[in-house]
Amino acid sequence: MARTVRDTNLQTRQARRGLAPRRKPYWRVIETGLHLGYRRNKEASGAWIARRFIGEGRYRETKLGIADDHDGDAADGVTLFSFKHAQDAARAWWQVEQRRDLGHAPDDGPYTVAKALEAYFAERERRGSKGLAKDRAAANVRILPELAEVEIGKLTTKRLRDWHAGLATAPKLARASRMTMKRKTRAVDLADADAVRARRSTANRTLTVLKAALNHAFHEARVASDDTWRKVKPFREADAAVIHFLSEDECRRLVNACDGAFRDLVRAALLTGCRYGELTRMRASDFGTEAGTITVRESKAGKPRHVALTDEGRQLFAALTAGKAARDPIFIRDDGRPWAASHQQRPLEAASKRAKIEPAATFHILRHTYASTLAMRGVPMGVIAAQLGHADTRMTEKHYAHLAPNYVADTVRAALPVLGIVEKSSVMPLRRGCNETRGDRPASRQAR
């Protein structure tokens, strides 16, 4: 973030009114090769000018705007400029000039939020970023309708905060109807704490996408400062770990309620913890018969991983890959076509309804079920993280550590040293027999 330069002659209205009117501006260096000037008029408000050094003693100048010289003036950075606003505008002009010097074509019109998002997504696509389609969809629905045409240089902190707050109470979008293809909405029950938390979590994720696009624009010298959106903070405690998972009985009921090839997908999700997309991309060669593992070659983190299978998992994948060529997909629909991104939720909702599971299961819940089951049986967090494809144990601990019976106790005991501040005692607790009751004997006695 660029530092705001101070100047006793220019930074306040009173100081500027004390300057003698003249045609030659009062100059102040704000960056090496960049000067901000103020031209004092006799009657009207003064004007801000910027100039940049172009070599051989020459400068290029531009007029920035009118100064907020009068007491009733309210500087907005658009029509009236304070000293700070003028510095930001001078730096923005300087960056555009630098880009022109480097051979970059000038922008076609104002650089808006829509253009910033387009450039940011294009850069992510070039890098092969994961989750791009989901973030594009979120931007199309939650960012562009309100902010698309706003110039990023004219964004205000208040407008961004109002937009962010509005997302937290906006109706939730439901799945589009097959007949009309129109998105239905569902009002948020503000009395439901979980519903409010979920909407705030969505608002925070959307804010993260917008901030990332604006930061990309800032680093590409499309705007002079990132101060406007840095002040907009996400809702606190909106992303608390709320994990829903199925019991063993619910798992069996759900599998029995699934039909045909979809049952294989659900069984595989429960036995591997893999995401829906990871399963549908698997090939027969990804099943390691000797090692008893399944390889996830394309994961959300961008790194392959090997998932260890139980005997039940090995049996399932051995049956699904029998007779298939190495490049054949393991999971296909009953009609022989591949599973696509939108094919899983409706049959899973229907199966959940038949199995009397409320709320309806999702593949994310199946993944949580796999990890939660491991945690409740004392599997180390590092092992669970490796199975799920987490980069480290932080995310695993956030969601599943509270389910591990000895995780907290073992971590505390391993971390704290023996301080030697408690004397040894000969007093031992009395072990109760299976037939003793609390009133029969004292809880402890001195050892003889």
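A charge is said to sit over an aromatic ring if NZ of Lys or CZ of Arg lies within 6 Å of the ring centre and within 35 degrees of the ring normal. In this predicted model, the charged end of R51 sits in that way over the ring of Y59, 4.1 Å from its centre. The points below begin with charges over rings and then turn to pairs of rings, of which the structure holds 9 that are aromatic.

**Charges over rings**
- Besides R51, whose charged end sits over the ring of Y59, there is R16, whose charged end sits over the ring of Y38 at 5.7 Å from the ring centre.

**The pair of F53 and Y59**
- One of the 9 aromatic pairs is formed by F53 and Y59, which meet edge-to-face with 5.4 Å from centre to centre and 65° between the planes.
- F53 has 43% relative accessibility and therefore counts as partly exposed, and Y59, at 35% relative accessibility, counts as partly exposed as well.

**The pair of F262 and F363**
- The rings of F262 and F363 have their planes at 75° and their centres 6.2 Å apart, so this pair is edge-to-face.
- This pair links distant parts of the chain, since F262 belongs to helix α9 (residues 260-272) and F363 to helix α13 (residues 363-376), with the two residues 101 residues apart.
- Both F262 and F363 are buried.

**A cluster of rings**
- F262 and F363 also belong to a cluster, in which ring pairs link them with Y276 and W339.

Methods. Residues are numbered from 1 along each chain as its sequence is written. This is a predicted model: local features need pLDDT of at least 70, side-chain atom pairs count only at pLDDT 80 or more; totals for chains, interfaces and linings use all residues. Side-chain values use heavy atoms; hydrogens and water are left out. Rings of Phe, Tyr and Trp (its six-membered ring) pair if their centres lie within 6.5 Å; planes under 30 degrees apart count as stacked, over 60 as edge-to-face and the rest as tilted. Buried means under 20% relative accessible area, exposed over 50%, partly exposed in between (1.4 Å probe, protein chains only). Helices (H or I, at least four residues) and strands (E, at least two) are DSSP runs, numbered from the N terminus.
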